Amino acid sequence: MLSKRIIPCLDVRNGKLTKGIKFQGNVDIGDPVAVARRYYEEGADEIVFYDITASAEERGIFLDVVERVAENIFIPFSVGGGLSSVADMRAVLLAGAEKISVNSAAVRNPGLISEGAEAFGSQAIVVGMDVKQVPKRREVPSGYEIVIQGGRRFMGIDAVEWAARCEALGAGELCVNSIDADGTREGYELTLTRAVVEAVRIPVIASGGAGSPRHMLEALTQGKASAALIASIVHYGEHSIGELKSYLDAHGCKVRPPA
Amino acid sequence: MSLAVLDYGAGNQTSVLRALNFLGIAGKVTASAADLFPASGIIFPGVGAAGQAMHRLAGTGLDAVLRELVVIGKPLLGICLGCQILLEFSEEGDTDTLGIVPGRCRRFSPDLRDENGDPATIPHMGWNACLGGGSGRLFRGIAPEAEFYFVHSYYVEPEPELVLARTRHGQEFCSAYGRDGLWAVQFHPEKSGRAGLRMLRNFYEYCAETGAERGTC
């Protein structure tokens with residue numbers, strides 16, 4: 001039986017973590033490789049890195065980070081942020097990532113999903129979806145709309161329909177991020193998460209809103225997600241990955257035992 | 001004393017090499033028989049489609065090299081696609097595969113249901129355990145509850161006496177098979193944390209011991 005996955009997300013800019021990460025102990029909190037290593041040792045099942053700026057020159061620095069991560073952690077990790085061509089994807093995979101995550105570039109050019117899947121296999125292609133709740137209308141029957149540019153631009157695309165389309169185009173996994181819940185720490189958008197899970201056969205990662213272990217449990221049970229993306233709940237030292245896993249395990253949610 | 005990681009353009013050989021480097025094991029990604037025959041052992045990785053992989057192996061003559069390496073008793077570890085195409089046939093594109101080990105590779109049924117009665121995700125992707133732990137020296141020192149990282153839509157059915165581990169995803173399937181010196185695992189030990197690294201080290205230690213006996217190091 002598959003374990004539910006816990007996936008910390010690290011934002012990287014110019015080779016450094018952008019958000020302060022508070023750890024007890026002697027880890028250089030600005031170094032994404034050291035922090036990734038820490039999460040790996042605590043039992044993270046996967047790690048996501050987002051390249052925040054992705055200017056051409058900083059891209060090189062970021063690829064160097066990806067390579068160092070690949071030499072130091074032995075779990076899958078994915079990379080997203082500014083990838084808009086098969087050549088961008090290839091560079092990240094060659095540097096050692098297992099998966100690439102595309103988001104707005106895929107909304108603008110859905111063919112990118114199928115091109116990536118053909119070139120590298122579906123298992124390598126994660127589609128990140130930023131979603132906002134809106135009044136139901138003809139183009140958006142679920143009441144969940146795809147947005148880009150951090151939620152400033154509404155695309156007139158129904159999130160649940162988009163999820164199914166991504167799967168048909170060859171996506172291997174979806175990461176569903178609720179812009180409404182993101183940063184609130186009040187819990188994941190469970191209705192949205194579940195609606196997407198039930199519309200596709202590929203694994204779905206819930207993202208946005210985790211403020212407590214209970215929220216993760218909800219996303220993985222009521223929300224039926226395969227994995228929960230987390231950030232501040234571990235970055236600020238409130239919980240270790242091990243504690244989160246113990247909590248989930250104690251509440252009947254199967255997770256990989258901390259290594 | 002080193003391991004050769006077979007390079008046939010099938011994806012994850014660099015990940016395997018990084019894991020060996022981390023363990024301090026000398027390894028080389030290679031497609032050359034001149035490297036493969038002197039190596040203490042061979043890792044046969046792979047990600048992708050069976051048909052394309054067989055096409056590449058046949059086109060380079062590596063299919064015959066692999067068979068010969070097994071015949072002379074060179075230790076070999078197949079990973080993921082490598083595990084699948086060591087068998088005789090794959091339902092993926094109805095492909096005749098290497099036939100080094102008796103058995104077939106089959107597609108997960110689209111009707112597969114998980115333990116909650118929901119449609120099971122395909123591919124089977126994520127962390128899963130070997131039921132009751134695996135057997136044989138490949139699993140030496142690995143806790144029975146340890147989990148490994150899987151990504152696959154097809155599963156192997158070797159001869160029953162070769163099965164070393166089984167895993168459940170909607171159905172039970174074979175996740176590791178073989179005998180001393182010829183092993184194959186469906187999961188990715190190079191991406192399975194400490195348990196996976198331990199498995200790679202177990203393989204290396206077997207190669208080192210048998211190589212020392214035969215004096216080929």
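## A covered helix in chain A and the contact with chain B

Among the elements covering the buried residues of helix α8(A) are α7 (190–199), β10 (204–207), β11 (227–230) and α10 (241–250), which belong to chain A as well. Keep in mind that this is a predicted model. Helix α8 of chain A runs through residues 213–220, and seven of its eight residues are buried, leaving the helix mostly covered. If you would like to find them in the structure, look for A:Pro213, A:His215, A:Met216, A:Leu217, A:Glu218, A:Ala219 and A:Leu220.

Stepping back, here is chain A as a whole. Its secondary structure comes to 10 helices and 11 strands. The chain has 259 residues, for which a compact globule would have a radius of gyration near 18 Å, and the 17 Å of chain A agrees with that. A few overall values sit together below.

| Feature of chain A | Value |
|---|---|
| Span of the C-alpha trace along its principal axes | about 55 × 45 × 35 Å |
| Residues that count as buried | 52% of 259 residues |
| Contacts joining residues at least 24 apart, among those between residues at least 6 apart in sequence | 63% |

Now to the partner chain. Where the two chains meet, 28 residues of chain B are in contact with 21 residues of chain A. On the chain B side, the elements giving two or more residues are α1 (13–22), β8 (124–129), β9 (147–152), β11 (163–169) and α6 (193–214). Of these, α1(B) gives the most, with five residues. By character, the residues on this side of chain B divide into 11 nonpolar, nine polar and eight charged.

Terms used: Residues are numbered from 1 along each chain as its sequence is written. Chains are lettered from A and ligands numbered from 1 in the order in which they are written. This is a predicted model: local features need pLDDT of at least 70, side-chain atom pairs count only at pLDDT 80 or more; totals for chains, interfaces and linings use all residues. Two residues are in contact if their C-beta atoms, placed from the backbone, lie within 7 Å. Helices (H or I, at least four residues) and strands (E, at least two) are DSSP runs, numbered from the N terminus. Ala, Val, Leu, Ile, Met, Phe, Trp, Tyr, Cys and Pro count as nonpolar, Asp, Glu, Lys and Arg as charged, and the others, Gly among them, as polar. A residue is buried if 20 or more other C-beta atoms lie within 10 Å of its own, exposed if 12 or fewer, and partly exposed in between; C-beta atoms are placed from the backbone. The radius of gyration is taken over C-alpha atoms; the globule rule is 2.2 Å times the number of residues to the power 0.38.
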